[in-house]
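This report describes how the chains of an assembly are arranged, with attention to sheets, interfaces and symmetry.

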There are 4 protein chains.
Amino acid sequence: MSENLPIPVIVAGANGKMGRETIKAIANAPDMTLIGAIDRTHIGEDIGEVVGIGALEIPVTNDLEVMLAQGAQEKQLSVVVDFTHPDGIYDRVRSAIAYGVRPVIGTTGLTEAQIHDLTVFADKASMGCLIVPNFSIGMILLQQAAIAASQYFQHVEILELHHNQKADAPSGTAVKTAQMLSELGKTFNPPSVVEKENFAGARGAVVGENIRLHSVRLPGLLAHQEVIFGAPGEIYSLRHDTSDRACYMPGVLLAIRRVLQLKSLIYGLEKVL
Amino acid sequence: MSENLPIPVIVAGANGKMGRETIKAIANAPDMTLIGAIDRTHIGEDIGEVVGIGALEIPVTNDLEVMLAQGAQEKQLSVVVDFTHPDGIYDRVRSAIAYGVRPVIGTTGLTEAQIHDLTVFADKASMGCLIVPNFSIGMILLQQAAIAASQYFQHVEILELHHNQKADAPSGTAVKTAQMLSELGKTFNPPSVVEKENFAGARGAVVGENIRLHSVRLPGLLAHQEVIFGAPGEIYSLRHDTSDRACYMPGVLLAIRRVLQLKSLIYGLEKVL
Amino acid sequence: MSENLPIPVIVAGANGKMGRETIKAIANAPDMTLIGAIDRTHIGEDIGEVVGIGALEIPVTNDLEVMLAQGAQEKQLSVVVDFTHPDGIYDRVRSAIAYGVRPVIGTTGLTEAQIHDLTVFADKASMGCLIVPNFSIGMILLQQAAIAASQYFQHVEILELHHNQKADAPSGTAVKTAQMLSELGKTFNPPSVVEKENFAGARGAVVGENIRLHSVRLPGLLAHQEVIFGAPGEIYSLRHDTSDRACYMPGVLLAIRRVLQLKSLIYGLEKVL
Amino acid sequence: MSENLPIPVIVAGANGKMGRETIKAIANAPDMTLIGAIDRTHIGEDIGEVVGIGALEIPVTNDLEVMLAQGAQEKQLSVVVDFTHPDGIYDRVRSAIAYGVRPVIGTTGLTEAQIHDLTVFADKASMGCLIVPNFSIGMILLQQAAIAASQYFQHVEILELHHNQKADAPSGTAVKTAQMLSELGKTFNPPSVVEKENFAGARGAVVGENIRLHSVRLPGLLAHQEVIFGAPGEIYSLRHDTSDRACYMPGVLLAIRRVLQLKSLIYGLEKVL
C-alpha cells in the first residue's frame, strides 16, 4: 500500500542550527525520506556530509522552485520544512502550496495579514499547512497541564531562567504561557495583603490577568521555565528544561506527519497534538 | 429555587485531623451548611468551639443513626463525609445509602468485595456515593498531566521526599502514580547502556513497567512528589509539595458537590474532576 | 565540677510563638534548666502546661526584676532569652547585664545608638551579651557558603519565595544575603548583552553590587531562599527552606551556650558559630 | 619584572575533549602563553586551527621529550597540563619533573604506590606537581559547604542525576562527597522509625556513615548533584549542575597558577583553593 512509503521531505535552511538537526532527525526516521536540501551555503555538497552524518546522496541546492517541482512529482504527498529567515517567507509558503507540497514553517516573521491570506489560499486548495512557533512538545504539554490546573488554582507565578546572552525578558515562551492562562476568563492572584516592594522590581513583571513573571539570567543556565501554582497547604509546579535543539525534533517529525492529514492551515503544534 | 439552598452536611470523625479541617472548610463554604458532627470525643460540646472557630450551634454526638435520620429529613439532598477508621466503615456507608444520605468516604479499609457490594447497593438505590483515597486535586492534576506526557516521553523516573517519621517507602501515592503510568500499555525507559550499581539500591526501586522510584527521608521535609520525564535535550518535571491538610479541602468540598449529581458509586475523585 | 551543672535560663516572652518553642527546646536540652518564664498572659500558671508539654513547676510571672535577681543567685552563670517586643528592650538588656545575667536577644527594635551604648556597658562589665537577628543556623551556613562561592563566581541572582501573607518584598533575609555578598569588594554580573525588559520588573530588583532579587508570593509556600551562582557550563545553587519555628531552636540553644563564654556584646549568631 | 611574564604552558592530549577546552582557555588567559600542543592526531597542524579558534602558531607534535626540553628553557617556570590517558602517565609525570616542568595532571590511572613514588620524587626536587581528579571549583565549593553544614546537621541524603548513557551508579563524584562527609567522625541519619522498603531499592544506596545516595538516569539530564540536609522545620540543600566542560576551565587555569607556587606534589584542587 502506498501509505507505507516514506514521506518525501525537503528541508529549507538545511545548514542552519535547526535545519541541521532536522536533517539528522529525518535521516533517522524510518517513515521519512529526505529528497531535498536547500541552503545558501555548501551548494553542491552532500548535505549528509555537511551535517556530519555521512553521505545521503542529496546535494545542497539554493533553488526552491526546482525542489518544489520535484516534490510535486513524488508518488507520495511531500512536505517542505522551512527553517530559513523572515525575508520572503510568505512567498515561499505560497509557492509550496501552489506546487502541492505541504509546508511546515518554523521560520518567524509572517504578519497576521499574511497568515490570513495564506489560510484562505490553503483552504481553497484543500492543502495542509502548519505554522509552528514552538516545536517543543514538552513545552506544549507543560502549557496544557497549566491550563488544566488553572481551573482549580487561583494563584500562579511563572519563573523563567536563561543564559545571560539572552537580551529580552521575559522570554517569549513564558509570556505566551501567561497569555494562554489569561485567556481562560479569570483573574489570578487575588491579593490577601497590601504588598510593598522595598526594592523596585522584586515582585517581577505583571503579564495578562495579573500573572507575575520572573526572569533570571546567568551564564551556565540554558533555557528553563517553571509555572508554580499555589493554594493553602500545597504547591504544584511544572518545569521544562531545554539543553539541546534535539528536543525540538519529535515536534518537527510530528508536524511532518500531521500536515499530510490536514486540509487547511493550522497555527500552533498544540492544535494537532 | 430549592437548588440554591445550601447542602446539608454531616461530618463523621469531626474531631480527627481531617475532620477538623473539614468542619472549618464547610463553615466557610457559602453553598453548604453543617447539620451534624459525629465523634467519640467532646460529646455534647459545640463542634465549632472544639475546632476553635467559635460556636456553630452543632453539638458533637456519637449517634450516627440519629444524624442520618435527620439528614434524610432535610429539604435538600444531604451528604455525610466520613473520616473515621476502618472498623465498621462498610456498615456506615450502607446505612447512609439506606437513609438516602450521600456518602463521601475518606476512610480507608473497604475491601474490594465490600466496594463491589456497595456499588451494587448504590446502583439499585440510584444513589450517589464517592470513595476517595486521595482528596488532593493538585496530586490528581499531576497524575493526569503525567499520563498526558507519557504519550510522548519514553523515559520517566519518580522521586518522592517525606519526613523521616514515614516508615514505608516508596510512598503509596508515588506507587499509585507509577501504576497509573504503567497501565497505559507501554514499557518505559528502554536501556541505552548496561547499567551497573556500585552500591546496591542506588538506582532506586522498579515499579510497574520499569519505572524507577526514589524515596528520600529527612526531618524538615513534608510530603513531596516529583515525576521527571526525559528526552534528548529536554526534561519535563511535575512536582507536588504538601505542607498542610488544608490542601485536601478543595477536594473534599468538590466531592460533596459532585456526589449529589451521581446516581451510583464512584471510586476516585479523578473520575468526577 | 560546677561546669557540668545545667545552665539556668529565664525566657521572656515565654508564651509568644518563639518563646513557646524555646520553652520546649530548653525542657529537652540536658545541659539547661528553665528557672523562669516571663509573660503578660497566663500569669501564675505553670509554663509547661501553658505550652502543652506537662508541668515544669515554673509559674509564669510578669516581674523581670525578680527573675533577674533570682538568676543572679544561681550557682551557675545564668542566661535570659528575650523574645518580647521593641518597647523597653533597651532597659531590659541593661538590667540583665547589671544583674550579671547574660542576655540572648531575639527581639528587634534596638537602634544603632542603643546597641553602641550596650556594647560599652557590657564591655565594662566584662559580660557576654548576644543580639541575634536570625537564629537559623541553616541560613547562616547558606550565607557563609555564598560568601565562599563569591570568590570564584562573578554571576549570582537570588530567588526568595514566601506565602502570600507576606507584605514586604524582597524578604529581609534575602536583602541581607545580597548585602553580605556586596561587602566583599566586587561588582557582580558584568553584562554580556544590553538587556531589555519587555514587561517592567521582569528582571527583579537590584540590591547592593548589582545583585538581582526575585520575590515569589503564593499561598502554599512557606519561607524559601535560593542563591544561584552561574558560570560558563555550570550552576551552583544554595537553597534554604523553612517550614517550622523549630528550625530556630538549635540556634537559640547554641546562643545560650555561647553567651556564657563571651566577655562582651556580639551582634549576629554567625560571629560565634 | 619577570613575574609579570606569561606562564608558558604545554598541553598534552591537546585534541581530546578536555584538551581542546584547555587550549581555548589558555588562549584567552592574559597571564599564560601556549608553547606546545601534544597529540597523536593532527600532527603538524596548527592547534588553534584544529580546535577552531584560528591560528596560534603552535603546531601539534607527538614528541613529549622535545616539548619538555623546550619548556625547561623558558625564562619563566613552565607547566605541562596532561589530559591524555592512563597508559604511561607515571613516566610522563616523572619526565616532566625531571625536566623542571611543573605537571598538572587531569589524567586518571595513577596507582597509590605510583602517587607515593612521585610525591617522594617531587619532594626531593622541590618541584610543584598537582594531581587533580576533579577540576570543578563549583563542585569543590559544594563539598566544602557540605562539610561545614555537617557540623550542625545530623541528617543528609545525596541525589545525583545524569544522562542515561552513564553506566555506573552512583556517580564517582557523589560517592566522593559521601566519603568526605563520612570522614568527619560521625554517623548520619539516626533512625526515628523502623523503615520498610515495599519495593527494594526505594531508599537508595548506603555509602559511608549511613548516607543515602539516589541515582536518576534520564536522557535530557546532563550532570547534577544535590546534597540535602534536613533538621526539624528546615531543609538546606546544595546543588551543582554541569552542562559543559567549559565549567572545568577556571579550575584548570587555577591549577596552572598554583602549581608554580608549590614545592611538592599535591593531590586534589581543594588543597590549593
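Two strands are taken to pair where DSSP finds at least two bridges between them. The model discussed here is predicted.

**A sheet shared by chains C and D**

With that criterion, 10 strands form one open sheet of mixed pairing, ordered E10(C)-E11(C)-E7(C)-E12(C)-E13(C)-E13(D)-E12(D)-E7(D)-E11(D)-E10(D). The edges are occupied by strand E10 (205-207) of chain C and strand E10 (205-207) of chain D; each has a single partner strand, so one side of each is left without a neighbour in the sheet. Direction ignored, neighbouring strands of this sheet are turned by 20 degrees against each other on average.

Within the part contributed by chain D, strand E7 (residues 155-162) and strand E12 (residues 223-231) pair in the antiparallel sense over 8 bridges. In this pairing D:His155 stands opposite D:Gly230 of E12(D).

Helices also lie against the sheet. Helix H6 (residues 137-150) of chain D touches strand E13 (234-242) of chain C as well as E12 and strand E13 (234-242) of chain D. The direction of H6 of chain D makes about 165 degrees with that of E13(D). Helix H7 (residues 172-182) of chain C lies across strand E7 (155-162), E10, strand E11 (211-217) and strand E12 (223-231) of chain C, and runs at about 170 degrees to E11(C).

**A parallel sheet in chain C**

Chain C also holds an open sheet of 7 strands with parallel pairing, in the order E3-E2-E1-E4-E5-E6-E14. Its edge strands are E3 (60-61) and E14 (265-267) of chain C, each of which pairs on one side only. Strand E6 (residues 129-131) of chain C is joined to E14(C) in the parallel sense over 3 bridges, and C:Ile131 has C:Tyr267 in E14(C) as its bridge partner.

Helix H3 (residues 64-72) of chain C packs on this sheet, where it touches strand E1 (7-12), strand E2 (32-38), E3 and strand E4 (79-82) of chain C. The direction of H3 of chain C makes about 160 degrees with that of E2(C). Helix H5 (residues 112-125) of chain C lies across E6 and E14 of chain C and runs at about 145 degrees to E14(C).

**Two interfaces of chain A**

Chain A is in contact with chain C and with chain B. The table sets out the values for these interfaces.

| Property | Chain A and chain C | Chain B and chain A |
|---|---|---|
| Residues in contact | 47 residues of chain A, 47 residues of chain C | 27 residues of chain B, 26 residues of chain A |
| Area buried | about 3400 Å² | about 2100 Å² |
| Share on carbon and sulfur atoms | 62% | 58% |
| Salt bridges | 0 salt bridges | 0 salt bridges |
| Polar contact (both at pLDDT 80 or more) | 22 residue pairs | 14 residue pairs |

On the chain A side of the interface with chain C, A:Phe199, A:Leu218 and A:Pro219 lose the most area, together 16% of what that side buries. The elements of chain A that give two or more residues to this side are strands E7 (155-162), E8 (168-169), E9 (196-197), E10 (205-207), E11 (211-217), E12 (223-231) and E13 (234-242).

On the side of chain B that touches chain A, helix H6 (137-150) and strand E13 (234-242) of chain B each supply at least two residues. The largest share of that side, 9 residues, comes from E13(B).

**Symmetry of the chain pairs**

A turn of 180 degrees with a shift of 0.0 Å along the axis lays chain A on chain C with an RMSD of 0.1 Å. The two copies are thus related as by a two-fold rotation axis. In chain A, the C-alpha nearest this axis belongs to A:Gly201, 2.0 Å from it. The same surface serves both copies, with 100% of the contact residues of chain A recurring in chain C.

Chain B can likewise be laid on chain A by a turn of 180 degrees and a shift of 0.0 Å along the axis, with an RMSD of 0.1 Å. Of the residues of chain B, B:Leu238 comes closest to the rotation axis, its C-alpha lying at 2.4 Å. Here too the same surface serves both copies: 96% of the contact residues of chain B recur in chain A.

Terms used: Residues numbered from 1 in each chain as written. Chains lettered and ligands numbered in written order. Predicted model: local features only at pLDDT ≥ 70, side-chain atom pairs only at ≥ 80, totals over all residues. Heavy atoms only, no water. Least-squares fit on C-alpha atoms with pLDDT ≥ 70 in both. Contact = heavy atoms within 4.5 Å. Helix = DSSP H or I, 4+ residues; strand = E, 2+ residues; numbered from the N terminus. Axes fitted to C-alpha atoms, helices over the stretch in contact; angles between N-to-C directions. Buried area = accessible area lost by both parts, 1.4 Å probe. Salt bridge = Lys/Arg side-chain N within 4 Å of Asp/Glu carboxyl O. Polar contact = N/O pair within 3.5 Å; in protein donor to acceptor, adjacent residues only side chain to side chain.
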